[in-house]
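This report describes one protein chain, moving from a single residue and its neighbours to the core, the pocket and the overall fold.

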Amino acid sequence: MARLKRSSSVLEKGVRRLAGMRSIHDPLEFGSGLSLAEYDVRLQALQGQLASYNTMLSTLDEMAGTVKRMEQELRSYSEKMLMGVVTRYGKDSLQYVQAGGKLRKRTTRQATIVMPTAITTTPATVPSVETNGNGAKATVS
């Protein structure tokens with residue numbers, strides 16, 4: 001993302017003020033170094049400095065893009081180098097690890113033994129002798 005270029009509200013206000021003061025009287029001087037000529041010199045100095053600053057930002061943006069592109073190219077080249085080691089020595093070799101590769105974790109497939117859990121039952125509610133099974137008292141005649 002490009003950096004935002006800088007402007008100066010102080011510079012813009014100064015340029016407008018200089019134009020207004022020129023309309024009063026062109027060789028306007030107040031003594032002690034206060035003159036339109038000195039004001040104009042200072043405005044141009046700030047304008048030149050801002051232009052230089054913004055140019056540097058553009059150059060910096062260009063350099064950042066170049067670095068990013070070079071990183072991408074180097075990442076690709078590094079990967080190709082590692083694949084060259086894989087081709088020659090294999091992915092399970094010590095040389096692969098020395099070159100920066102990571103060994104894959106070997107997962108051994110083991111049969112999982114499922115132990116049946118003990119079946120626990122709650123004793124069924126047995127109707128009492130005194131009831132008929134519906135909760136009502138049995139009458140025997």
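## Contacts, core and pocket

Leaving aside residues up to four places away in sequence, L36 touches L18, M21, R22, H25, D26 and L28. The model is a predicted one, and the contacts of L36 are a useful place to start reading it.

L36 also belongs to the largest nonpolar core, a set of six residues whose other members are L11, L18, L28, L43 and L50. The elements that give two or more residues to this core are α1 and α2, and α2 gives the most, with three residues. As a general point, nonpolar side chains in soluble globular proteins tend to be buried together. Buried residues, however, make up 14% of the 141 residues in this chain.

L36 appears again in the lining of the largest pocket, together with R17, M21, L28, F30, G33, L34, S35, E38, Y39 and R42. The elements that give two or more residues to this lining are α1 (9-24), β2 (34-35) and α2 (36-89), and the largest share, four residues, comes from α2. The volume of the largest pocket is about 170 Å³. The lining can also be divided by residue class, as the table shows.

| Class of lining residue, largest pocket | Number of residues |
|---|---|
| Nonpolar | six residues |
| Polar | two residues |
| Charged | three residues |

Which residue lies in the loop between β1 (29-31) and β2? The loop holds S32, whose phi is near 60 degrees, a positive value in a residue other than glycine. For comparison, most residues other than glycine have a negative phi. S32 counts as exposed because its relative accessibility is 82%, and the cut-off for that class is over 50%.

Turning to the chain as a whole, its secondary structure comes to three helices and two strands, which follow the pattern α-β-β-α-α when read along the sequence. Among the contacts in the chain with a separation of 6 or more, 39% are accounted for by residues 24 or more positions apart. The accessible surface of the chain comes to about 13,000 Å², and 57% of that surface belongs to carbon and sulfur atoms.

Taken together, L36 and L28 are members of the largest nonpolar core and are also found in the lining of the largest pocket, while L36 itself touches L28.

Technical notes: Residues numbered from 1 in each chain as written. Predicted model: local features only at pLDDT ≥ 70, side-chain atom pairs only at ≥ 80, totals over all residues. Heavy atoms only, no water. 1 Å grid on protein atoms, 1.4 Å probe; cavity = no way out; pocket = protein on both sides within 12 Å on 5 of 7 lines; lining within 4 Å. Points joined across faces, edges and corners; volume = space filled by probe spheres on them. Nonpolar A, V, L, I, M, F, W, Y, C, P; charged D, E, K, R; others polar. Buried < 20%, exposed > 50% of the residue type's maximum accessible area, 1.4 Å probe, protein only. Contact = heavy atoms within 4.5 Å. Areas by Shrake-Rupley, 256 points an atom, 1.4 Å probe, with all protein chains shown as cover. Core = buried A, V, L, I, M, F, W, Y, C linked by side-chain atoms within 4.5 Å.
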